[in-house]
Amino acid sequence: MIKTTGVPSKEQVKSKFPSLEQLVKPKAIIECYQEIPCNPCSTSCPIGAIAIGEDINQVPQINFEVCTGCGMCVYSCPGLAIMVVSTKEDRAYCKVPYELLPRPSVGDVWQGIDRSGKRICDAVIE
């Protein structure tokens with residue numbers, strides 16, 4: 001699906017997330033679906049939670065048991081394909097890569113959108 005629409009399928013997305021139990025602590029989510037020559041996420045991870053292997057064309061794999069959610073990989077990914085997610089009670093908290101202007105300010109309420117661009121919620125900038 002991603003090759004024809006640019007939007008990953010629900011199954012592809014689910015395959016990148018840890019269990020809800022693991023998300024009570026921040027975890028990096030790597031939404032890299034295609035084999036391309038890239039490895040900054042694995043080389044930037046200070047604890048070795050991200051593995052690509054000898055062939056840098058392989059899709060990165062993350063060990064959620066090891067990942068601390070530090071976010072170093074988020075800022076290293078040239079494809080903006082990594083975010084850090086955690087949950088608390090009935091809310092999800094996401095650190096996402098952001099390169100566009102205007103830059104949001106703390107307290108701003110922006111539109112949360114799904115992968116196809118449809119508005120799904122209000123997102124409070126913390």
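Which loop does Glu89 lie in, counted by the strands on either side? Glu89 lies in the loop between E4 and E5. That residue is a friendly starting point for a tour of the backbone, the surface and the empty space in this predicted model.

## Two loop residues with positive phi

Glu89 has a phi near 55°, a positive value in a residue other than glycine. With a relative accessible area of 78%, Glu89 is exposed, because the cut-off for that class is over 50%.

Leu80 also deserves a look: phi of Leu80 is near 55°, again a positive value in a residue other than glycine. You will find Leu80 in the loop between H4 and E4. Its relative accessibility is 39%, so Leu80 counts as partly exposed.

## The largest pocket

Let us turn to open space. The largest pocket has a volume of about 1900 Å³. Its lining takes in 38 residues, and the closest to the pocket centre are Met83, Cys94, Lys95, Val96 and Ala123.

Which elements give two or more residues to this lining? They are helix H4 (72–76) together with the strands E4 (82–88), E5 (91–95), E6 (109–113) and E7 (119–124). By residue class, the lining of the largest pocket holds 25 nonpolar, 4 polar and 9 charged residues.

## The second largest pocket

The second largest pocket offers about 210 Å³ of space. It is lined by 18 residues, with Cys32, Ile36, Cys38, Cys77 and Ala81 the closest to its centre. Here the lining divides into 13 nonpolar residues, 4 polar ones and 1 charged one.

## A closed cavity

Now for enclosed space: how many cavities of 30 Å³ or more does a search of the whole structure find? The search finds 1. The largest cavity has a volume of about 70 Å³. Among the 13 residues lining the largest cavity, those closest to its centre are Cys45, Ile50, Cys67, Cys70 and Cys73.

The lining of the largest cavity is made up of 11 nonpolar and 2 polar residues, with no charged ones.

## A nonpolar patch on the surface

Finally, the outside of the model. Tyr98, Leu100 and Trp110 form a nonpolar patch on the surface, and together they have about 290 Å² of accessible area.

Of these patch members, Trp110 has its place in strand E6, an element that also gives two or more residues to the lining of the largest pocket. Is Trp110 exposed, buried or partly exposed? Trp110 counts as partly exposed because its relative accessibility is 31%.

Definitions and conventions
Residues are numbered from 1 along each chain as its sequence is written. This is a predicted model: local features need pLDDT of at least 70, side-chain atom pairs count only at pLDDT 80 or more; totals for chains, interfaces and linings use all residues. Side-chain values use heavy atoms; hydrogens and water are left out. On a 1 Å grid over the protein atoms alone, a cavity is a set of points where a 1.4 Å probe fits but cannot get out, and a pocket is an open set with protein on both sides within 12 Å along at least five of seven lines; lining residues have an atom within 4 Å of a point. Grid points are joined across faces, edges and corners, and a volume is the space filled by probe spheres set on the points. Ala, Val, Leu, Ile, Met, Phe, Trp, Tyr, Cys and Pro count as nonpolar, Asp, Glu, Lys and Arg as charged, and the others, Gly among them, as polar. Helices (H or I, at least four residues) and strands (E, at least two) are DSSP runs, numbered from the N terminus. Patches are made of residues with over 30% relative accessible area and no salt bridge: like charges are joined within 9 Å, nonpolar side chains (Val, Leu, Ile, Met, Phe, Trp, Tyr) within 5 Å. Accessible areas come from the Shrake-Rupley method with a 1.4 Å probe; for residues, only the protein chains shown count as cover. A salt bridge is a side-chain nitrogen of Lys or Arg within 4 Å of a carboxyl oxygen of Asp or Glu. Buried means under 20% relative accessible area, exposed over 50%, partly exposed in between (1.4 Å probe, protein chains only).
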